[in-house]
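The following exercises concern helix packing and aromatic pairs. Each task is followed by a solution in steps.

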Amino acid sequence: MIIYNRTEYKALSTRQYSKEKKRLQVELLKLGEWVIKKNKRVGIVLEGRDAAGKGSTIKRFIENMMPKAVDVVELGVPTKKQTSNWFRTWERRMPEKGKIHFFDRSWYSRALIQPAMGYCSKEQYRYFMKKVNKWEKRLIDEGIILIKFYLSISKENQQLRFHLRETSPLKYWKLSSNDWRAHEKWQILTNFKEQMFIKTSTGASPWVIINSDNKMIGRLNAMRYTLGSLEYDGKKT
């Protein structure tokens, strides 16, 4: 497990954020070109609690990348067939050559929200936890570059962001009663999260923990880690 929280700025102004984001996005464009040219397969997982900033982080990653280089994968509520064939469901969504896939939640829903909320059986959870490391290792051996981010948010900040969504005329639709139910199960989700880190953070596929209490710093850190992990053409980070 890797805790990646670079803190160049104690307080990050909008101007500083925009300047650093642009610098990193220039590098991300190079990364996308390298992935296409070299036929690389890159999967970037973003997990975390509701309102941790998964979608907004992906948005900043891809907003200036070439569309043909990237896809965003968001399964939504799985069908009965998808639930019963969990690994196959996600294997079909892995990137082809020359593509980066950003997973806004992933197969790790089976390790977190599903068991915490009763959306899968205990047997399904145990089977997943037993098999996932070997499954990921096979994907990596087949050429997929896998980066797993967990965006960490405090209980207080999640509650604040929920209230802000609740009262926003533009963002109220992002909040559901189910989000509040998950918030009430904070400790249960924490227990599953800790088990996930212990059992599924491996040398081949570690979890990278990003503090997302400050969304701007969290986004920049996710970009920096990704760029620092890959040796693409023209790299300047």
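The exercises below refer to this predicted model.

**Exercise 1.** Classify the mutual orientation of helices α2 and α10, and state which residues form their contact.

*Solution.* Two packed helices are described by the angle between their axes and the distance between the axes. Helix α2 spans residues 54-62 and helix α10 spans residues 215-229; their axes come within 10 Å and cross at roughly 55°. The angle lies outside the range of 65 to 115 degrees for roughly perpendicular and is not under 35 degrees, so the helices are oblique to each other. The crossing of α2 and α10 is right-handed. On the α2 side, S56, T57, R60 and F61 take part, and they meet K215, R219, A222, M223 and T226 of α10. By class, this contact comprises 3 nonpolar, 3 polar and 3 charged residues.

**Exercise 2.** Determine the geometry of the aromatic pair F87 and W135, and locate both residues.

*Solution.* A search of the whole structure yields 18 aromatic pairs. In the pair of F87 and W135, the centres are 5.0 Å apart and the planes are at 45°, a tilted arrangement. F87 belongs to helix α4 (residues 86-91) and W135 to helix α6 (residues 122-141), 48 residues apart. Both F87 and W135 are buried.

**Exercise 3.** Why is the pair of F149 and Y225 classed as edge-to-face?

*Solution.* The ring centres of F149 and Y225 are 5.8 Å apart, and their planes stand at 80°. An angle over 60 degrees counts as edge-to-face, so the pair receives that class. F149 lies in strand β5 (residues 144-152) and Y225 in helix α10, so the pair ties together parts 76 residues apart in sequence. Both F149 and Y225 are buried.

Technical notes
Residues numbered from 1 in each chain as written. Predicted model: local features only at pLDDT ≥ 70, side-chain atom pairs only at ≥ 80, totals over all residues. Heavy atoms only, no water. Axes fitted to C-alpha atoms, helices over the stretch in contact; angles between N-to-C directions. Helix = DSSP H or I, 4+ residues; strand = E, 2+ residues; numbered from the N terminus. Parallel < 35°, antiparallel > 145°, perpendicular 65-115°, else oblique. Left-handed = near helix turned anticlockwise from the far one by under 90°. Contact = heavy atoms within 4.5 Å. Nonpolar A, V, L, I, M, F, W, Y, C, P; charged D, E, K, R; others polar. Phe/Tyr/Trp six-rings, centres within 6.5 Å; stacked < 30°, edge-to-face > 60°. Buried < 20%, exposed > 50% of the residue type's maximum accessible area, 1.4 Å probe, protein only.
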